[in-house]
Amino acid sequence: MKHKSSMGIIVGMILLLCLVFLAGGCSTTQTSTTQSTTTQPAVNFMTVTSNIAVSSEASSPPVNNSVQTITFKFSQPLDVKTITGAVTLFKLDTAGNPVEEPCLVKIDPTNPALLLVNNQSVAKFTDGEEHKIVISQALKSTTGVALEKEFTGFFATNHAFMMSGNPDLNNTRSQIVVISDIHLGVDDAFAETKENRQALVDFLGQIRNSPNVKELVIDGDLVDEWFLPMNYVMPQTESALVDAIAANNRTVFDAFNNIIGDGIIKVTYVNGNHDILVTQADIQRILPGINQASDAEQGLGTYITGVNSEIAIEHGHRYNFFCAPDPFSNRDITKNNTSILPAGYFFTRIATSSVVENHPASSNIFPAITGNEKDAIQYGYFLYAKIWASILSGLPINESFSDKVLKTNIDGFTETYAVNDLVPQQDPVTGIFSVTLYKEIMDNWVERQKINGVAVNIPLKDAVINAAASNFTDIQANTQYFNRDASKRIVVFGHTHVTRNLLFTNLEGKNAIYANSGTWIDDAQGYPTMTFAVITLPNAGSGIESVNVYKYSANKTITQWEDAQVITRW
């Protein structure tokens with residue numbers, strides 16, 4: 001033990017004596033190395049790699065969660081006499097201009113091919129900043145070999161989200177938290193969010209006390225008016241259903257209302273598809289004082305925020321064939337001009353019955369059908385029928401498809417329907433498809449997109465085939481925003497229940513980020529639940545804006561779920 005302690009003191013003294021501080025540039029630690037007598041093959045230049053992610057593009061820096069020591073590994077041992085002034089460190093300001101910063105540089109005493117770079121205080125680099133590091137060709141190996149060309153690397157440090165606060169944010173409120181797909185139900189006998197409810201209350205309590213949260217956005221499907229068994233008897237009014245859901249989840253609404261009532265964190269609500277009929281008056285009644293981002297069309301909304309209005313947050317259901325508001329297909333049945341429930345509503349009612357009935361063995365049979373691709377509308381109904389068959393095969397029910405068992409009393413519907421009223425039926429002689437509900441759903445898709453504010457038309461066949469594909473919704477962030485509107489650099493959807501954090505390039509070649517905030521339901525079918533997205537606005541003096549997605553746990557901790565992404569302001 002005495003021998004080991006003595007060696008530690010000797011090594012410490014050598015390192016201390018070798019520090020050389022250079023004004024206006026990186027300080028260097030020169031470590032003597034023993035030259036190998038082994039004959040080395042002649043090499044024209046050195047190569048170098050780094051322990052952190054770096055890139056050659058200032059506008060597209062890779063994100064590192066935490067950086068303290070940058071280790072460059074060279075292909076040859078380095079000559080200590082050449083490191084002075086060979087490395088320069090910069091921080092990029094809000095306009096992307098490099099501002100030189102003092103740093104410390106030394107050769108690793110145990111491996112002369114490693115060059116270690118720290119900031120002047122040898123502390124962790126501040127979160128939410130971009131740096132540039134340059135290694136000149138003046139740096140040589142012990143055999144006199146240099147880099148083939150000057151090395152220039154850019155890297156960013158992630159804005160970590162901490163419930164108790166991130167010290168690097170200096171108590172500023174610069175973080176926007178987005179949650180979605182909470183699916184609070186009217187009855188715990190079949191509600192999708194019951195086991196996770198207390199965790200949600202705890203989460204909201206921590207958000208309320210966070211010193212860095214600026215905004216909380218509820219991105220759709222807060223209350224669930226869809227996940228109801230077919231035989232569920234609706235209250236007399238839609239508003240009464242909303243009130244009943246709020247009463248069944250009182251602790252959650254109390255937690256939201258505590259945040260709203262404080263008046264410190266801005267709370268915003270955006271409609272989803274499961275709360276497509278929930279009106280602004282409903283929301284103000286159960287969440288008084290909340291901000292609402294609503295489109296002119298009931299059931300839709302997009303919240304625009306950010307320093308330069310660069311962030312768009314919407315649920316994402318307007319791009320889904322089964323879930324977008326449908327103001328056309330059934331108004332001859334409801335006899336009004338307000339009905340908008342899409343076909344997904346009725347599918348969900350059937351699916352809920354299958355869950356409540358524990359997926360029973362079923363005697364229901366789907367007839368064989370054929371499709372004619374030459375007729376786009378009829379072929380659409382063929383695909384539509386095949387999707388219904390696939391869905392109902394995976395979610396069987398006890399009830400016969402011809403039984404009138406699906407009760408309504410919502411959105412103008414008053415009848416009790418059979419499954420066969422929803423599934424297109426093919427005439428065995430003519431081959432023509434017809435359907436009772438949504439009988440013109442194929443004909444009005446283009447017009448439905450227009451009234452729902454879909455900027456880029458989604459072809460009918462693509463919309464029908466990809467309706468259940470979560471990545472199809474993800475792609476719409478790129479199609480509807482990044483490829484069309486350069487001002488929108490961050491888009492957040494919910495709807496799919498699949499947490500994502502993806503980097504895109506917009507029409508100007510700049511980084512753009514799409515995130516999906518996931519869900520809080522008890523069972524996300526193999527995907528993580530209790531997830532959320534966090535957007536962190538730039539620090540003072542920095543042009544870095546970051547997006548992270550996290551998973552919350554019942555023990556009140558959070559875990560980063562996917563790699564962070566950043567955009568730059570220049």
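**Pocket, cores and strands of a predicted model**

Helix H7 (343-356), helix H8 (residues 376-394), helix H10 (460-465) and helix H11 (470-482) each supply at least two residues of the lining of the largest pocket. Helices (H or I, at least four residues) and strands (E, at least two) are DSSP runs, numbered from the N terminus. The structure is a predicted model, in which local features need pLDDT of at least 70 and side-chain atom pairs count only at pLDDT 80 or more, while totals for chains, interfaces and linings use all residues. Residues are numbered from 1 along each chain as its sequence is written, and side-chain values use heavy atoms, with hydrogens and water left out.

The largest pocket holds about 1400 Å³ of space. A pocket is an open set of points, on a 1 Å grid over the protein atoms alone, where a 1.4 Å probe fits, with protein on both sides within 12 Å along at least five of seven lines; lining residues have an atom within 4 Å of a point. Of the 44 lining residues, Glu192, Phe347, Thr496, His497 and Gln525 are the closest to the centre of the pocket. H7 gives the largest share of the lining, six residues. By class, the lining comprises 23 nonpolar, 13 polar and eight charged residues.

H8 also gives the most to the largest nonpolar core, with eight residues. Such a core is a set of buried Ala, Val, Leu, Ile, Met, Phe, Trp, Tyr and Cys residues joined through side-chain atoms within 4.5 Å, where buried means under 20% relative accessible area (1.4 Å probe, protein chains only). Of the 101 residues in this core, Phe203 and Phe321 touch the most other members. Phe203 is in contact (heavy atoms within 4.5 Å) with Met163, Val177, Ile179, Trp520, Phe532 and Tyr552, residues up to four places away in sequence not being counted. A second, separate core of 26 residues includes Val48, Phe125, Ile133 and Leu147.

An open sheet of five strands follows the order S4-S11-S10-S6-S7, with mixed pairing. Two strands pair if DSSP finds at least two bridges between them. Strands S4 (63-64) and S7 (98-101) are the edge strands, each pairing on one side only. S4 pairs with S11 (residues 151-157) in the parallel sense over two bridges, and Val63 has Ala156 as its bridge partner in S11.

Elsewhere, strand S16 (residues 302-305) and strand S17 (residues 311-314) run antiparallel and are joined by four bridges. Tyr303 has Ile313 of S17 as its bridge partner. In the hairpin of S16 and S17, with five residues between the strands, Gly306 takes a positive phi near 100°.

Methods:
Buried means under 20% relative accessible area, exposed over 50%, partly exposed in between (1.4 Å probe, protein chains only). Grid points are joined across faces, edges and corners, and a volume is the space filled by probe spheres set on the points. Ala, Val, Leu, Ile, Met, Phe, Trp, Tyr, Cys and Pro count as nonpolar, Asp, Glu, Lys and Arg as charged, and the others, Gly among them, as polar.
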